[in-house]
Amino acid sequence: MGSNLDRLKHQDWYLISVFSIALLLRMIPPLKYGLPYGFDVYEFVSRVFVLNEGGSVSMPHGPLFYYLQLVVLKTVSYDMFMKILTFVEPLVFAFFILPPYFVSKQLKTEGNKPVYTLLYLAVTNLFVHQVGGVVIPEGLGILFYGLSILFSMRALTRSWRWMLPAMLSSFLTAMSHHLSAFQLTLFFSSLFLSYLYYYLKQEKTDSLLRLLLLMFSTIVLLLASSAYVWSLAGEEENMLRLILNMVLEKPFLLLLIMVTMFLFPIVTVKTAGFVKKHPKFTFIKTFMSVLLVGMLIPVALTLMLHPDALPTILWFTVPISLGFLPFTIHGFIQYCKKSSQYDSLFFTAPLIVFMIEASALLSLGDYCVLIHRIPTFIMFFAAPLAGYGLSCFSSELRSMEKEYLAGMMIAYFIFSLASTSYPKPEFTYGIKESISYSELKLAEDAYSYSLLFNSKIDTDTRLGALLMFVSRRNAFWTGNLTSWFLPSNSWLVNVSVSGETYPVEKDVLIVISNAMMEAYSGRVVNLITKPSGPLREEAIDYLNNSPGIDRLEDVQNGAIYMFSPWKRLNQSDNGFSSRWLKP
Amino acid sequence: MSRNRGSGNGVFFQRTVFLMSLFLVLLFTSYELLETPPKDFIAVKIIGFKREDDCFSIALFLKNNSSGKHEGHLIFLIGYEGSRVSEDNAFYCFTNFRTLGFRTVTLNPGEGVKLNVKLPMDPEAERIIIAYCWDASEAVQTGYYSPVLLRRDDTVWVQTWIG
């Protein structure tokens with residue numbers, strides 16, 4: 001009894017230490033920057049701010065996240081709201097890692113230690129970055145996605161009644177984040193098809209039939225709620241609808257989906273059976289093959305699709321290929337071996353459908369960039385298997401020396417996962433969520449200049465959102481908040497799209513940043529569906545050398561230009577000394 | 001006997017993993033928090049401009065938004081017809097400019113200074129460039145006419161057209 005109490009205490013300490021790691025890692029950016037890391041300024045300015053002013057806006061991710069922010073904004077002052085976003089939100093979102101931990105606790109296989117799952121959830125770079133680290137709807141969507149998985153597992157292993165909370169959390173997923181809803185639809189569809197095949201072939205019980213009916217209802221509910229969210233989204237704003245349109249436009253893909261649906265359950269059931277019976281999957285073989293495949297495939301695909309993204313891919317992929325993937329595969333194999341086919345289908349079916357989804361996404365032309373959103377969902381689902389794999393690995397060590405050596409190596413793998421959570425600027429291809437102080441300064445000063453000169457401001461969507469944020473939507477920005485999908489007719493946008501310069505308007509401040517320039521792989525209009533381009537050398541040359549265009553400010557990362565601003569001021573004011581810009 | 005205590009059930013492994021992971025993450029967190037915050041940037045802006053009878057009066061604001069002290073040169077360049085500014089990843093190049101003068105400005109961390117600059121009238125001048133460069137090796141001489149090359153990472157500059 002005493003030793004049991006001691007063990008219980010040890011487990012508690014492990015849990016406390018792991019959760020401390022999770023909180024510490026998620027608090028690094030707020031403490032270091034003092035700004036909400038990865039805060040989607042664009043989303044906030046274009047949705048929550050508008051709702052706060054009583055306007056109506058499209059809500060492409062689903063309305064829940066925006067309304068939660070709105071409630072906080074209405075409850076506290078604006079400054080307090082920013083502090084909550086910066087310091088409280090990462091702490092709250094850190095708890096969103098718990099659903100897979102509880103899934104892990106459901107695994108009844110021998111030797112399972114769920115605390116390893118929590119360790120992975122606490123440190124894995126993609127989770128730290130996207131679940132808790134950044135202020136985006138995805139975090140909320142992933143929470144409900146995880147809860148739906150947890151409840152459906154309980155429904156399959158305990159009682160069908162657990163499908164009711166699973167349905168509720170599925171609905172909340174659809175209301176929170178469209179890609180989470182899409183992923184969850186795939187999850188439930190894979191389970192439905194596989195367990196239907198299992199029901200027809202092996203176990204014709206009433207309870208399983210009832211469960212299948214409820215699962216089908218959940219899929220219908222998810223699709224209906226997603227369709228409702230689509231109706232809230234503006235034209236071309238919903239990625240899910242874009243993908244669906246693209247699939248419908250290609251009859252070949254539709255045929256492929258039909259064939260896949262037919263063959264899928266057979267493949268999953270056979271795979272689970274094959275893994276169970278095949279004796280030769282040792283950890284060393286798994287580790288070596290995963291290392292080879294986990295490194296080679298991402299590198300080859302990146303070199304083929306986006307060679308310039310290679311440093312980012314390596315930054316995230318190497319630690320995952322070393323520390324996460326081998327243990328997930330090992331856990332999957334061991335779980336299939338040690339549990340019944342009914343239980344192992346719960347992991348086999350979704351994992352196979354996620355792999356098919358990834359392959360299909362890669363074949364979708366311009367939309368293949370969406371592939372970078374999928375790993376987080378897959379890994380969130382597979383985290384209990386990684387934890388189980390590590391548990392199995394630890395129990396296979398037969399001496400203290402081996403345990404020590406392996407323990408040190410795993411600790412360094414864990415460290416490599418943690419230390420790559422927030423990529424350094426040189427590794428941030430397409431990951432520019434963090435707000436830089438110089439850009440904030442540029443936006444603030446552009447707003448001050450525009451008030452002084454009574455002028456409009458031309459800048460890209462990213463800085464434009466920042467500008468609207470610092471001016472609380474009062475700035476006269478020539479861009480528009482839907483310019484992700486509908487580029488505005490401004491000088492910067494036109495020049496970046498066409499590559500041709502033309503005279504700038506006289507009452508416009510032009511704000512440029514290094515992030516827009518070709519030399520920095522920049523984009524002025526960062527679109528998937530519309531032509532886009534960086535600000536080329538000719539445009540910068542034009543701004544620097546056209547007579548009359550003053551360079552009013554330089555903050556190293558960007559600059560502000562305007563045509564004859566002081567002449568304009570003197571003409572309107574007969575002297576300017578009383579209206580100097582405040583430092 | 002004691003050597004094998006805990007072996008086989010993974011307890012020692014578990015302790016090693018958790019203690020070492022916690023230690024490494026704590027080290028990493030400390031390093032990240034102690035590392036210079038990525039606030040580092042110098043900003044220069046024109047806050048006022050006036051054409052007087054015999055000179056141009058320019059009000060500048062220079063701010064050090066970094067945690068390090070910066071000692072640099074404020075360089076005044078007058079551009080004539082055909083003057084040209086070009087830039088690449090590494091340098092700014094000012095061609096056909098005359099260096100009117102320079103002065104040393106030291107900025108402590110977080111310090112901002114307001115500078116009132118008076119530059120004499122030059123009927124042939126087309127534009128004025130004021131650059132702040134904090135690389136000591138970039139010092140230039142007054143009256144210098146050849147292209148002025150300033151390292152991009154160590155320079156901020158503003159310009160106004162007077163022609």
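I will go through two helical regions of chain A and one strand of chain B.

Before the details, please keep in mind that this is a predicted model, in which local features need pLDDT of at least 70 and side-chain atom pairs count only at pLDDT 80 or more, while totals for chains, interfaces and linings use all residues. Residues are numbered from 1 along each chain as its sequence is written, and chains are lettered from A and ligands numbered from 1 in the order in which they are written.

Let me start with helix H16 of chain A, residues 325–338, where helices are DSSP runs of H or I of at least four residues, strands are runs of E of at least two, and both are numbered from the N terminus. The end C-alpha atoms of H16(A) lie 20 Å apart, which agrees with the 20 Å that its 14 residues should span at 1.5 Å a residue, the expected span being 1.5 Å times one less than the number of residues. Twelve of those 14 residues are buried, meaning that 20 or more other C-beta atoms, placed from the backbone, lie within 10 Å of the residue's own, whereas 12 or fewer would make it exposed and anything in between partly exposed. Among the buried ones are A:Phe327, A:His330 and A:Tyr335. The cover includes helices H13 (251–277), H14 (283–305), H15 (310–323), H17 (341–362) and H18 (374–395) of chain A.

Now to chain B, which has one helix and eight strands, with the helix coming before the strands along the sequence. Of its 163 residues, 33% count as buried. Strand E6 of chain B, residues 127–133, has seven of its seven residues buried. In general, the side chains of a regular strand alternate between the two faces of the sheet. In E6(B) both faces are covered, with B:Arg127, B:Ile129, B:Ala131 and B:Cys133 on one side and B:Ile128, B:Ile130 and B:Tyr132 on the other.

What does E6(B) pair with? Strand E3 of chain B, residues 70–87, runs antiparallel to E6(B) and is joined to it by seven bridges, where pairing requires that DSSP finds at least two bridges between the strands. B:His73 stands opposite B:Cys133. Strand E8 of chain B, residues 155–161, also pairs with E6(B) in the antiparallel sense over seven bridges, and there B:Val158 is the bridge partner of B:Ile130.

Finally, back in chain A, helices H8 (residues 137–157) and H9 (residues 163–176) pack at an angle of about 165 degrees with their axes 8 Å apart.

Note on methods: Two residues are in contact if their C-beta atoms, placed from the backbone, lie within 7 Å. Axes are lines fitted to C-alpha atoms, for helices over the stretch in contact, and angles run from 0 to 180 degrees between N-to-C directions.
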